[in-house]
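Thanks for making the time this morning. I would like to walk you through one structure, and I will put it on the screen before I say anything about it.

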Amino acid sequence: MLWNEIQKELNRQEMSIYKLAKITGIKDTTLHNYKKGSEPSFKNMCKIADALDVSLDYFRKRDD
């Protein structure tokens, strides 16, 4: 699930969902919906990647 990758990066940076919401301008309720399984829009994924200072490729599924 995409949120797992976002959560890993949030944990690594010791950032809360609330802080991510403040940085991105995405409502925290929307971020919680992503956590529950909703898929973010491309625009919001760009905001999340920018806020976490990672490339969009970081969130791509890996077929290992």
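**Core, a buried threonine, and the N terminus**

Let me begin with L10, which, if we set aside residues within four places of it in sequence, is in contact with W3, M15, S16, I17, L20 and L52. Please keep in mind throughout that this is a predicted model.

L10 also appears in the largest nonpolar core, which has 18 residues, and the members that touch the most others there are I6, L10, L20, L31, I48, L52 and F59. Two or more residues of this core come from each of helix 1, helix 2, helix 3, which spans 28-35, and helix 4, which spans 42-52. Helix 4 makes the greatest contribution, giving five residues. As a general point, nonpolar side chains tend to be buried together in soluble globular proteins.

Now to T24, which belongs to helix 2, residues 17-24. Is T24 buried or exposed? T24 counts as buried, because its relative accessible area is 10%, and the cut-off for buried is under 20%. A polar atom of the T24 side chain lies 2.8 Å from the backbone oxygen of L20, and the T24 side chain also reaches the backbone nitrogen of I26, at 3.1 Å. Beyond its neighbours within four places in sequence, T24 is in contact with K47, I48 and A51.

Finally, M1 sits in the segment before helix 1, residues 2-12, and M1 counts as exposed, since its relative accessibility is 56% and the cut-off is over 50%. Even so, M1 touches Y34, K35 and G37, not counting residues up to four places away in sequence.

Note on methods. Residues numbered from 1 in each chain as written. Predicted model: local features only at pLDDT ≥ 70, side-chain atom pairs only at ≥ 80, totals over all residues. Heavy atoms only, no water. Helix = DSSP H or I, 4+ residues; strand = E, 2+ residues; numbered from the N terminus. Buried < 20%, exposed > 50% of the residue type's maximum accessible area, 1.4 Å probe, protein only. Polar contact = N/O pair within 3.5 Å; in protein donor to acceptor, adjacent residues only side chain to side chain. Contact = heavy atoms within 4.5 Å. Core = buried A, V, L, I, M, F, W, Y, C linked by side-chain atoms within 4.5 Å.
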